[in-house]
Number of protein chains: 2
Amino acid sequence: MTGLRERTRRAVRSQLAEVAMKLFIERGFDETTVDDIAGAAGISKRSFFRYFPAKEDVVFEGVQALGDDIAEEFRNRPATEGPWESLHAVLREWNQEIEDERRALERQRLIETTPVLRARFHHKRDEIRRQLADAVRTRSGLDAFAAELITACAAAALDCASDEWFRLGAKTDRAELIDRAFGLARPACCPPAEPSS
Amino acid sequence: MTGLRERTRRAVRSQLAEVAMKLFIERGFDETTVDDIAGAAGISKRSFFRYFPAKEDVVFEGVQALGDDIAEEFRNRPATEGPWESLHAVLREWNQEIEDERRALERQRLIETTPVLRARFHHKRDEIRRQLADAVRTRSGLDAFAAELITACAAAALDCASDEWFRLGAKTDRAELIDRAFGLARPACCPPAEPSS
DNA sequence: CTCCTTCTTGTCACTCGGTGCCACACTATA
DNA sequence: TATAGTGTGGCACCGAGTGACAAGAAGGAG
């Protein structure tokens, strides 16, 4: 069973993230010091860094776990499906999960307007992309170069859809934008499936 | 004429970059402090930051200027050419210029192995991409979304080619990899030119 | 319950990147 | 040569992050 230690650790961690996000949203990321967060949460600065390796990581609390099993979901897709369609489906699902999170819009705004967070986010997204590239390679029998390329294009499509969604004030349907992006960006090495006439 | 002040400033700046790159390459980026650089160059830490706003910027000295006129070069491409071909040509040229720089390989290795430099590089590349997206939109009459998407795909292709080149030990021809990448990644919204039979 | 081990915590001191401030020196110009 | 502008070093300072250490809380064994 999960011991009390680990339970309290999780609790403190998520409460810490809660408090920090609140401060970030109302004051800005750079304008909030770690001491502010620690003080508001009733712990010391030193302890903060025992829960999060860096100030930025608070923002991605929870988002991290979502990405870990994307490659798994990709592998669970039907083998008949082309890699582009699988990526499309899996990433749309992923994006949906992120959008459903609490404070999804504020978080995205925060990331979008804070350069260091943007960089961190893209880095994390690239790690996921790398895992997907492995999955694409082993499943589709493509060489590594093509697999990297396809996943990079998919990431580009996702990024553009996300940016556009954000630029339009988060009023439009994100999934629909993703569909459009994946339609427009489909790379030449992933031709659309022939309707076996 | 360029006054003495500006001339000495340029000289100090480039010599500073020289010394810093040398230290970075032999010791690593994170293992080299700004005090080390300043000491080796015979100036104070405070003055270092008068020449470069941040430690990372030293690495991109000179590379910055190359990117500034890419959008201009794009606009100088023949109007009959499709956006994908223009991007291909312009970015291949850009990459060639970077490759021809002194210490190109060491610099790339440094960037590739140092997360903070990687982030900075991608950020700079994204600024260029944004300018290109504007150029694509105004020239090709595409909507903003498609323009962003096409340039993002082009950036993805460039990235993959660059990564692959680096992974293969920098022995292969980079331009050839770029050509392959642009062939494989051509997005559906940029169909290849019909040879008007 | 008690003892002992283990984990957590706060505090302190420190490094490093980066900035504001100020006094000093140099340089261009009148 | 006097003077206004500009670059420089030194200093104090901030904020992120880390290492070390001592005190306290949690958990298990007797």
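Q: Let's start with the contact between the chains. How many residues come from chain A and how many from chain B?
A: Keep in mind that this is a predicted model. Here chain B puts 23 residues into the contact, and chain A puts in 23 residues.

Q: Which elements give two or more residues to chain B's side?
A: On chain B, look at α8 (115–140), α9 and α10 (174–185). The top contributor on that side is α9(B), with 12 residues.

Q: And what is the make-up of that side by class?
A: The side of chain B that touches chain A has 15 nonpolar residues, along with three polar and five charged ones.

Q: Now the helices. How do I describe a packed pair?
A: In general, you give the angle between the two axes and the distance between the axes. Try it on helix α10 (residues 174–185) of chain A and helix α9 (residues 144–167) of chain B: their axes come within 10 Å and cross at roughly 55 degrees. That angle is why α10(A) and α9(B) are described as oblique to each other.

Q: Which hand does the crossing of α10(A) and α9(B) have?
A: It's right-handed, as α10(A) passes α9(B). To find the spot, pick out A:Ala181, A:Leu184 and A:Ala185 on α10(A), then B:Ala146, B:Leu149 and B:Cys153 on α9(B). By class, this helix contact has six nonpolar residues, with no polar and no charged ones.

Q: How do I read the symmetry of two copies?
A: The general idea is that two copies of a chain are related by a rotation about an axis and a shift along it. In this case, a turn of 180 degrees with a shift of 0.0 Å along the axis lays chain B on chain A with an RMSD of 0.1 Å. The two copies are therefore related as by a two-fold rotation axis.

Q: Which residue of chain B comes closest to the rotation axis?
A: That's B:Pro187, whose C-alpha is at 2.3 Å. As for the surfaces, the same one serves both copies, with 100% of chain B's contact residues recurring in chain A.

Q: Last stop, the DNA. What surrounds DNA strand C?
A: There are 19 residues around the strand, and the closest are A:Arg46, A:Ser47, B:Leu4, B:Ala54 and B:Lys55. The elements giving two or more residues to this surface are α1 (4–27) and α3 (45–51) in chain A, plus α1 (4–27), α2 (34–41) and α3 (45–51) in chain B.

Q: How many charged residues does the surface near DNA strand C have?
A: Eight, next to seven nonpolar and four polar residues.

Technical notes: Residues numbered from 1 in each chain as written. Chains lettered and ligands numbered in written order. Predicted model: local features only at pLDDT ≥ 70, side-chain atom pairs only at ≥ 80, totals over all residues. Near = placed C-beta within 6 Å. Helix = DSSP H or I, 4+ residues; strand = E, 2+ residues; numbered from the N terminus. Nonpolar A, V, L, I, M, F, W, Y, C, P; charged D, E, K, R; others polar. Axes fitted to C-alpha atoms, helices over the stretch in contact; angles between N-to-C directions. Parallel < 35°, antiparallel > 145°, perpendicular 65-115°, else oblique. Left-handed = near helix turned anticlockwise from the far one by under 90°. Contact = placed C-beta atoms within 7 Å. Least-squares fit on C-alpha atoms with pLDDT ≥ 70 in both.
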